[in-house]
Amino acid sequence: MRFNYKLFRGSTDKNLIVTYVYRFEPTGEFATVQERPNGTVSIYPSFGISLSDGFERDSVYITSNQYFSFVSLLEKSVKLISDHLYEIFPNVDRAEFEIDTKTLDRFQTEKAIANDGITMVPAVWVNRDTNECHPGLCIKTLKFGSICIPLQDAIPIATMFSTFDPHLFAISMLRVCGRIE
């Protein structure tokens, strides 16, 4: 059984959706809840986070093993980009602007934001419908895709994840499945 719970919908990027993906495996070697003969109950994390720019468009999937690295990287990246906004995007006030490549190169070598197969770098996010440019954040993973999101959406996502506990949310999903009262 799979549950998709939408945690966030973008305000700058109207197509951006952050989804909590929970997969309940009732039986088998990878059962979510395993009861041992000695009475011990083991609960295994069966969640992930998906950031998607729409159906069959750019997306990234964060596994339960990567979750806390991802949240930490997102928080640090948002703060660094916000603190250095006018260095990275010197003409950010114009309708169309570019990233300063020298600053970006220095930013990537001196303040590299990467961990656990996830990399985050500043980028220019372009609205597909209006061609408006916004400061953005590009999130790349080694195995599970990449996506560029506007900084204006990355800030509330980072704030949301600073108070969100995926393990407690998983317990509520187990309640929905009837495995825990």
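How much accessible surface does the protein have, and what percentage of that surface belongs to carbon and sulfur atoms? In this predicted model, the accessible surface amounts to about 10,400 Å², and carbon and sulfur atoms contribute 51% of that area.

The overall architecture may be considered next. The protein contains 5 helices and 10 strands, and its C-alpha atoms fill a box of roughly 65 × 35 × 25 Å along the principal axes. Of its 181 residues, 48% count as buried. Among the contacts with a separation of 6 or more, 55% are made by residues 24 or more positions apart. The protein carries 18 positive and 22 negative charges, and the mean positions of these two sets are 3 Å apart.

Helix α5 merits a closer reading. The helix comprises residues 166–176, and Pro166, Phe169, Ala170, Met173 and Leu174 are buried within it. Why do these residues lie on the same side of α5? They cover an arc of only 155° around the axis, and therefore they share one side of the helix. The general geometry is as follows: an α-helix has 3.6 residues a turn, so residues three or four places apart point the same way.

The buried residues of α5 pack against several other elements. These are the strands β1 (2–9), β2 (17–23), β3 (33–35), β4 (41–43) and β5 (47–52), together with helix α1 (67–83).

Both ends of α5 show local detail. At the start of the helix, a side-chain oxygen of Asp165 comes to within 2.9 Å of the backbone nitrogen of His167. Just after the helix, Gly178 adopts a positive phi of about 80°.

How values were computed: Residues are numbered from 1 along each chain as its sequence is written. This is a predicted model: local features need pLDDT of at least 70, side-chain atom pairs count only at pLDDT 80 or more; totals for chains, interfaces and linings use all residues. Side-chain values use heavy atoms; hydrogens and water are left out. Helices (H or I, at least four residues) and strands (E, at least two) are DSSP runs, numbered from the N terminus. Buried means under 20% relative accessible area, exposed over 50%, partly exposed in between (1.4 Å probe, protein chains only). Contact means heavy atoms within 4.5 Å. Accessible areas come from the Shrake-Rupley method with a 1.4 Å probe; for residues, only the protein chains shown count as cover. Lys and Arg count as positive and Asp and Glu as negative; His and the chain ends are not counted. The place of a charge is taken as NZ of Lys, CZ of Arg, CG of Asp or CD of Glu. The arc is that of the directions from the helix axis to the C-beta atoms. A polar contact is a pair of N or O atoms within 3.5 Å; within protein, one must be able to donate a hydrogen and the other to accept it, and residues adjacent in sequence count only if both atoms are side-chain atoms.
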